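The following exercises concern contacts between charged side chains. Please consult the sequence and the structure before reading each solution.

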Amino acid sequence: GQRMKKAVVKKQLYREQPFVIRRSASLLDDSWKDETILVQGIIDAYFIEDDEIVLVDYKTDKVSPGGEQDLIDLYHIQLEDYAAALERMLQKKVKETYIYSFTLRKMIPLS
């Protein structure tokens, strides 16, 4: 009984976490070499597992069956920003990142 209870760890899901991250403006335009910009965003959801972060981003894009790679290609840079922001805020490592596609009704792992 007691040992079983300890084995079941309740994960808390954190939703809609706003963040701001500093980025080099040269990512947008090569001529802005020494400028920085602030990127604002909202992380849909994350939870902590074994003291590391699992990041989940919800997407409603219309995708054909088998279109998982299209979503990865479209959003992996955005999700790298989200991961970097979370790591900085929480001082923990993002161990896994997922896109949840409402169209495909599935989790798509990015890492």
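## Salt bridges around one lysine

A search of the whole structure yields 6 salt bridges, each being a side-chain nitrogen of Lys or Arg within 4 Å of a carboxyl oxygen of Asp or Glu. The model is predicted, so local features need pLDDT of at least 70, side-chain atom pairs count only at pLDDT 80 or more, and totals for chains, interfaces and linings use all residues. Residues are numbered from 1 along each chain as its sequence is written, and side-chain values use heavy atoms, with hydrogens and water left out.

**Exercise 1.** Determine which parts of the chain the salt bridge between K95 and E49 links.

*Solution.* Step 1: the two side chains meet at 2.6 Å, N to O. Step 2: K95 belongs to strand 4 (residues 94-101) and E49 to strand 2 (residues 36-49); strands are DSSP runs of E, at least two residues, numbered from the N terminus. Step 3: the pair therefore joins distant parts of the chain, 46 residues apart.

**Exercise 2.** Establish where D50 lies and whether D50 is buried or exposed.

*Solution.* Step 1: D50 forms a salt bridge with K95 at 3.9 Å, N to O. Step 2: D50 sits in the loop between strand 2 and strand 3 (52-59), and K95 in strand 4, so this pair ties together parts 45 residues apart in sequence. Step 3: D50 has a relative accessible area of 67% and is exposed (buried is under 20%, exposed over 50%, partly exposed in between, with a 1.4 Å probe and protein chains only).

**Exercise 3.** Identify the residues linked in a network of salt bridges.

*Solution.* Step 1: E96 and K95 also meet in a salt bridge, at 4.0 Å, N to O. Step 2: K95 is partly exposed at 23%, and E96 is partly exposed at 22%. Step 3: the network links E49, D50, K95 and E96.

Definitions and conventions. Helix = DSSP H or I, 4+ residues; strand = E, 2+ residues; numbered from the N terminus.
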